[in-house]
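Open the model in your viewer and keep the selection panel at hand. The stops below run from a core to one helix and then to a single residue.

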Amino acid sequence: MRILILCQLACLVAAANAADEKPFVVPQKLAALLDAQGKDGNPVITPEQRANFDGLNDHLKALLSNAVEREIITRPDHLGTILTLGLRPQKMEVFLQDNCVLCHTDPEVQKPESLFSLSPASTSSPAHLNLRDLVDDVHFGRGLSCAGCHGGDPANDKIEHAFVKEWPGTGRGKDRSWILSFCARCHADPTFMNRFNPSLPTDQLTKYKESPHGKLLLETKDPRAPDCVSCHGVHGIRNAKNPLSKVYRKRVPETCGACHADPTRMAGLTLPDGSPIPTTQLAEYRASVHGRALLERGDLGAPACNNCHGNHAAMPVGLSSVSQSCGLCHAGNASLFDGSKHKQAFEEHKWPQCGQCHGHHGIVKTSDSLLAAGPEALCTKCHQQYAKDHPECRATATYFYTSIIQMDQAWNSFGVTAEQLAMKGLDVDAIHDKLNELADSLKQARSYIHSFSKNGFERVAAPGEHAVQRISRLVAEAKREYRLRQFGLLASIALIGLVMLALYLKLRSLER
């Protein structure tokens with residue numbers, strides 16, 4: 001009974017509150033803008049924009065009306081631009097309380113060079129003043145807008161350009177090193193960043209200073225060196241998981257290639273050994289097995305530039321770090337190589353471990369032909385030059401190639417034969433089981449060549465060779481069974497023929 005009474009009282013209170021809440025009435029000024037007509041007599045506010053307005057809650061409508069009453073929004077086309085965005089309530093609240101944004105989206109007040117536009121190209125505004133990018137910026141979503149970087153009070157009706165002290169007045173393009181400390185005001189402060197995203201690191205600036213990019217910018221003041229906005233953008237900074245972000249996995253090669261694939265921009269820059277920095281990396285990567293996996297098939301697990309070179313501490317990949325980078329994905333092959341004699345030889349000659357055989361940016365899909373025995377073959381050329389006194393090296397490579405090719409040919413040949421036997425109605429399950437064993441052994445053998453050990457290779461290849469022998473016997477038995485079936489069928493047909501002939505002769509004799 002008490003519960004029933006409490007429920008009734010709660011309903012009465014709710015009804016009373018609902019009665020006190022009056023529906024929002026659109027003020028005259030705002031209504032005039034919403035109903036305004038253009039020179040052609042058609043409404044300036046489109047049905048879609050009006051639908052977006054009707055979808056706003058009363059609080060947001062009140063904020064919008066307040067901006068109109070304070071004459072920050074005075075034109076229907078300006079209002080239409082805001083409504084076109086269709087922002088979620090949180091972002092719309094930030095937008096409508098920020099006089100900086102409201103002012104810089106008004107084409108009547110701003111010149112093209114300072115106007116945020118839905119289509120910068122149509123208004124001759126700079127590309128970085130794209131209004132959609134601004135409202136999609138990760139900072140804007142956290143409530144950090146214009147004043148966060150430029151200074152001033154976004155709530156003050158009297159807009160003043162009170163720039164923060166770190167913002168240089170002139171010459172911002174000549175010496176861009178100020179951008180680092182400017183972004184680091186927040187991003188190098190763990191206490192501040194913890195309020196917004198505790199998972200973000202705060203050591204980006206420290207890493208950047210030690211990188212070639214950082215040294216080029218901070219020590220030589222070279223304007224070509226990338227800074228924070230070069231990779232992350234200006235007003236359209238997005239989370240790395242956002243496909244529109246410049247640092248989204250699939251866009252990283254494009255972002256890095258903006259500089260590294262431009263011969264003019266890279267002219268005069270050199271590697272640590274003094275040679276010119278090449279500009280073919282992006283084209284090679286796109287054609288590589290990694291590039292095709294990431295850019296064509298959309299495999300986000302495939303490596304991009306930053307997987308090997310790093311992010312803020314971008315470095316040329318050293319001899320020791322090559323195998324470590326590759327080993328993150330190809331752990332089995334890296335482990336086998338680490339225990340091989342080739343590792344010692346590679347370290348003596350200062351060769352990049354994986355890159356010496358597989359290449360760097362233009363890594364192609366591996367094939368058995370890499371082990372082929374010929375004057376231009378990968379193993380042959382190296383062994384002729386560096387292992388003349390060790391003929392067992394070439395013999396081992398030849399053995400690897402021969403064994404793998406024989407197992408591969410057997411797998412393909414027996415696979416076709418198994419299908420043919422199955423079509424003849426024979427049971428080939430046992431053959432398929434052994435084919436699977438052969439495939440597993442072949443896969444392990446191809447990987448185990450990185451050990452460069454004949455004994456180790458023989459151990460993993462032995463099950464495959466045994467499987468070949470067993471498959472050969474099973475195929476022979478199946479063929480023999482098929483021949484027996486054929487013989488039995490012919491014998492049956494012959495017997496039936498004889499019976500029919502005997503019946504025929506018997507009938508003839510009866511007739512006589």
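**The core and helix α5**

Select L64, I73, L79, F95, L96 and L102: of the 32 residues in the largest nonpolar core, these touch the most other members. A nonpolar core here is a set of buried Ala, Val, Leu, Ile, Met, Phe, Trp, Tyr and Cys residues joined through side-chain atoms within 4.5 Å. Buried means under 20% relative accessible area, exposed over 50%, and partly exposed in between (1.4 Å probe, protein chains only).

Next, colour the elements that give two or more residues to this core: α2 (28-35), α4 (58-69), α5, α6 (89-96), α7 (99-103) and α9 (131-136). Helices are DSSP runs (H or I, at least four residues), numbered from the N terminus. The most comes from α4, with five residues.

The model is predicted: local features need pLDDT of at least 70, side-chain atom pairs count only at pLDDT 80 or more, and totals for chains, interfaces and linings use all residues. Residues are numbered from 1 along each chain as its sequence is written, and side-chain values use heavy atoms, leaving out hydrogens and water.

Now select α5, where seven of the nine residues are buried: P76, H78, L79, G80, T81, I82 and L83. They pack against α2, α3 (47-54), α4, α6, α7 and α9, contact meaning heavy atoms within 4.5 Å.

Stop at T81, in α5 (residues 76-84). T81 counts as buried because its relative accessibility is 18%. Beyond residues up to four places away in sequence, T81 touches L118 and L131.

Finally, go to G86, just after α5, which takes a positive phi of about 55 degrees.
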